[in-house]
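User: Hey, I'm new to this one. Can you walk me through the ligand and its surroundings?
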Amino acid sequence: MTNDRKIEIYESIMPEIRSALSACPDKVAGMATAACILHHAFPLFFWTGFYRVIAPKKLAIGPYQGTLGCLMIPFDKGVCGFSATTKETVIVDDVHKFEVHITCDSRSCSEIVVPVFDSKGEVIGVLDIDSVEYSAFDTTDAKYLEQICQLISNIERDN
Ligand code: SME
């Protein structure tokens, strides 16, 4: 997909996401809504969803679209754990070369993980998107996905 096309898709869904999340009653509902809109907008998104911090240094599966995701990810495992630990967006061009990557589905080739923060800057979850293509994600994805995660952070209630 060209970068122009990618921007076009993000720009077309951002108003819908902004509008839905501004009226959203809680963060989990916001995560479910964002995952659904993103997943159906991009044909190459194979798995699109959230892991939530449910105990110190432990992520549990949250709202998602795609094939079965693994249930629990400790902070010292997976791209998700790495992002939650470093509090940074992580882009992996080839998951097979990322040592701590967790394979939930062998069709996944590349991945982006974006942390979601609370109002104090603590990580409350991560947005994880996997693609069947190598090098599917770049700074354009990071820019828009970080905006979406910020919108989720802004939602008051957290179930
Ligand atoms: N690949 C992720 C695990 C979650 S799934 O891909 C749905 C990781 O390495 O953290």
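Analyst: Sure. A polar backbone atom of Val79 is 2.9 Å from an oxygen atom of the ligand, which is a polar contact, meaning a pair of N or O atoms within 3.5 Å. This is a predicted model, where local features need pLDDT of at least 70, side-chain atom pairs count only at pLDDT 80 or more, and totals for chains, interfaces and linings use all residues. Residues are numbered from 1 along each chain as its sequence is written, and side-chain values use heavy atoms, with hydrogens and water left out.

User: Which ligand atom is 3.1 Å from the side chain of Glu111?
Analyst: A nitrogen atom, paired with an N or O atom of that Glu111 side chain. Asp130 also has a polar side-chain atom 2.8 Å from a ligand oxygen.

User: How much of the ligand does the protein bury?
Analyst: 99% of the 300 Å² that the ligand exposes when taken alone, with areas from the Shrake-Rupley method and a 1.4 Å probe.

User: And where does the ligand sit?
Analyst: In the largest cavity, as more than half of its atoms lie within 2 Å of the cavity's grid points. A cavity is a set of points on a 1 Å grid over the protein atoms alone where a 1.4 Å probe fits but cannot get out; lining residues have an atom within 4 Å of a point.

User: What's the volume of the largest cavity?
Analyst: About 150 Å³, counted as the space filled by probe spheres set on the points. Its lining has 18 residues, and Ile102, Cys104, Glu111, Asp128 and Asp130 lie nearest its centre.

User: Back to the shell around the ligand: which element gives the most?
Analyst: α3, with 3 residues. Helices (H or I, at least four residues) and strands (E, at least two) are DSSP runs, numbered from the N terminus.

User: How does that shell split by class?
Analyst: 7 nonpolar, 2 polar and 3 charged residues. Asp, Glu, Lys and Arg count as charged; Ala, Val, Leu, Ile, Met, Phe, Trp, Tyr, Cys and Pro as nonpolar; the others, Gly among them, as polar.

Conventions: Polar contact = N/O pair within 3.5 Å; in protein donor to acceptor, adjacent residues only side chain to side chain. 1 Å grid on protein atoms, 1.4 Å probe; cavity = no way out; pocket = protein on both sides within 12 Å on 5 of 7 lines; lining within 4 Å.
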